[in-house]
Amino acid sequence: VDDSPDIKHDRQFLTELSAYLDGDVPDELRLLIEQHLARCSDCRVVVDTLRQTVTLYERLPAPRLSARARERLYQSLSLEKFLPRDGRA
Amino acid sequence: MTDVNSEQALLARLRAGDKAACAECVEQHSAGVYRLARRLMKDEAEAEDVVQETFLSAFKAIDRFDGRSTLGTWLYRIAHNAALMRLRAGRPETVSVEETDDAGDGAALPRQLFDWCCLPEQDFDTAEARAELERAIRDLPQGLRAVFLLRQMEGLSTEATAAALELSPDNVKQRLHRARLWLRERLSGYFSELAHTRG
């Protein structure tokens, strides 16, 4: 673990690691983070597993309203005559 | 017609009580509203109730929609409020997103430092891993969950998410990062256990 005085392993820094993954940090902070990551194996684990976390939730299939539920929705809104009969769920 | 113009035209018809316009609105927005509701509520039936309530409330209050956000963002806001009301009824201690600064994630400092990135790809692509992640999303502290769902799963901009949840854009960014860190922590526990079970 890198204990250099320029880095505190606090919530603010962790938030910045997440922003760093998005490329959403100023250049100066990006350099500081990259220098820190080169020395701190714990933070490398956090960044790598955080990146993997994002990959995994981005892959999740989206919940879809079933055809029956969609029909019930149109009925509850008194819109059944407008229910598209295109087979989409 | 541009998107803005077509939304204005749809709004004018909704305000005039045009049923076909209501159906168009449901057709355009029910999938997104359902995705949000499903991940906020514990089961499909409750999520369906939230969707129904969202459109009923929206059509009733359409004259009060001021157009400062898009119709879709406004519907997400109504859906989120409807979901919160239901969650509050079940758990009286529940607080809304805007009522807490702490967002309920404590210090959110990492405790799990197991490096699970190098597990075989097939360990990630299982129904069990997906179910664990869905459970983790549902268990996110309430102050973080809606921000995460709108910004990350629905793809709303920071500004639109802020408008839907009445938060500042900076607060949305902070909460999104905290939500990710919280999910990372939770998944680390799961994958660490999986790796240890295998020895």
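A nonpolar core, as I use the term here, is a set of buried Ala, Val, Leu, Ile, Met, Phe, Trp, Tyr and Cys residues joined through side-chain atoms within 4.5 Å. I keep in mind throughout that this is a predicted model.

**Entry 1, the cores.** I looked up the largest nonpolar core, which has 71 residues, and noted that Leu14(B), Phe55(B), Leu71(B), Phe148(B) and Phe191(B) touch the most other members. Helix α2 of chain B, residues 19-40, gives the most to this core, with 10 residues. Apart from it I found another core, of 15 residues, which includes Leu37(A), Cys40(A), Cys43(A) and Leu50(A).

**Entry 2, Leu71(B).** Setting aside neighbours within four places in sequence, I listed the contacts of Leu71(B), among them Leu10(B), Leu11(B), Leu14(B), Ile62(B) and Phe65(B), and I also noted Glu7(B), Cys25(B) and His29(B) in that list.

**Entry 3, helix α2 of chain A.** I checked the span of this helix, residues 27-39: at 1.5 Å a residue its 13 residues should cover 18 Å, and the end C-alpha atoms are 19 Å apart, which agrees. Its buried residues are Leu29(A), Ile33(A), His36(A) and Leu37(A). Seen down the axis of α2(A), these fall within an arc of 100°, so they line one face of the helix. They pack against α1 (11-21) and α3 (41-59) of chain A, whereas the face turned away from the buried side carries the exposed residues Asp27(A), Glu28(A) and Ala38(A).

**Entry 4, Thr161(B).** I found Thr161(B) in helix α8 of chain B, residues 158-165, and it counts as buried because its relative accessibility is 0%. Beyond its neighbours within four places in sequence, Thr161(B) is in contact with Val147(B), Leu150(B), Arg151(B), Leu156(B) and Val172(B).

Methods
Residues numbered from 1 in each chain as written. Chains lettered and ligands numbered in written order. Predicted model: local features only at pLDDT ≥ 70, side-chain atom pairs only at ≥ 80, totals over all residues. Heavy atoms only, no water. Helix = DSSP H or I, 4+ residues; strand = E, 2+ residues; numbered from the N terminus. Expected span 1.5 Å × (residues − 1). Buried < 20%, exposed > 50% of the residue type's maximum accessible area, 1.4 Å probe, protein only. Arc of directions from axis to C-beta. Contact = heavy atoms within 4.5 Å.
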